[in-house]
Amino acid sequence: MTGGLKDEETDEEFPQSPFIRKQGNIYKPNNKDMDNDSLNEKTLEDIHTKEIDLVNRDPKHVNDDVVKVEFEDVIAEPAGTYSFDGVWKASFTTFTVTKYWCYRLLTALVGIPLAVVWGIFFAILSFIHIWTVVPCVKSYLIEIQCISRVYSIFIHTFCDPLFEAIGKCFSNIRVRTTKEV
């Protein structure tokens, strides 16, 4: 967005605009209010270099109901059939550590190649959506608009008079219901 802000207007964040000019006019480069000291441009944050959160790795809660498998969800001893306490503690520790390190190992070995595959997949999907789906839908809407006008003319020319005549024919019919005792 370009243009000057008035005194009472506040400078808001516009995530889609590359910069906001507080003073001056881009079409008049010799404008005295538009010297280098008075320009205050805001640059967009590059999405490829943004910092990621290493603490909260699922900020949109994508895997809340899927992947949370704990020891208690898998292994449980009903009342009256308890194993030794040491065996129970060792089982818990073995399960937890094995799950943790297997996940880390699989992530290290397969995570990067899968990230490449998914990156390519979503890039292709975005490309197809931007360059084929949206133009096809827009083309369809343009073409269907012409057909809808022809259809509308047909309806108003032939069907409206027909249904109006039928309505007038049946407008004098009165239906009365009575209950017999």
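This passage describes the helices, the surface and the aromatic side chains of a predicted model.

The chain contains two helices and zero strands. Of its 181 residues, 4% are buried. The exposed surface of the chain amounts to about 17,100 Å², and carbon and sulfur atoms supply 63% of that area. Among the contacts in the chain with a separation of 6 or more, 22% join residues that are 24 or more positions apart.

Helix 2 covers residues 85-170 and therefore has 86 residues. A straight helix would reach 128 Å at 1.5 Å a residue, yet the end C-alpha atoms of helix 2 are only 87 Å apart. Within helix 2, a kink of about 45° lies at Val-110. The proline Pro-113 follows shortly after this kink.

Aromatic side chains form nine pairs in the structure. In one of these, the ring centres of Phe-127 and Trp-131 are 6.5 Å apart and the ring planes meet at 35°. Planes under 30 degrees apart would count as stacked and planes over 60 as edge-to-face, so the pair of Phe-127 and Trp-131 is classed as tilted. Both residues belong to helix 2, where four residues, or about one turn of the helix, separate them. Trp-131 has a relative accessible area of 60%; because exposed means over 50%, Trp-131 counts as exposed.

Two further arrangements involve aromatic rings. Phe-71, Trp-88, Phe-92 and Phe-95 together form one aromatic cluster. Arg-104 is placed over the face of Trp-101, at a distance of 5.7 Å from the ring centre.

Conventions
Residues numbered from 1 in each chain as written. Predicted model: local features only at pLDDT ≥ 70, side-chain atom pairs only at ≥ 80, totals over all residues. Heavy atoms only, no water. Buried < 20%, exposed > 50% of the residue type's maximum accessible area, 1.4 Å probe, protein only. Contact = heavy atoms within 4.5 Å. Areas by Shrake-Rupley, 256 points an atom, 1.4 Å probe, with all protein chains shown as cover. Phe/Tyr/Trp six-rings, centres within 6.5 Å; stacked < 30°, edge-to-face > 60°. Lys NZ or Arg CZ within 6 Å of the ring centre and 35° of its normal. Expected span 1.5 Å × (residues − 1). Bend = angle between axes of the 7 residues up to and from the residue.
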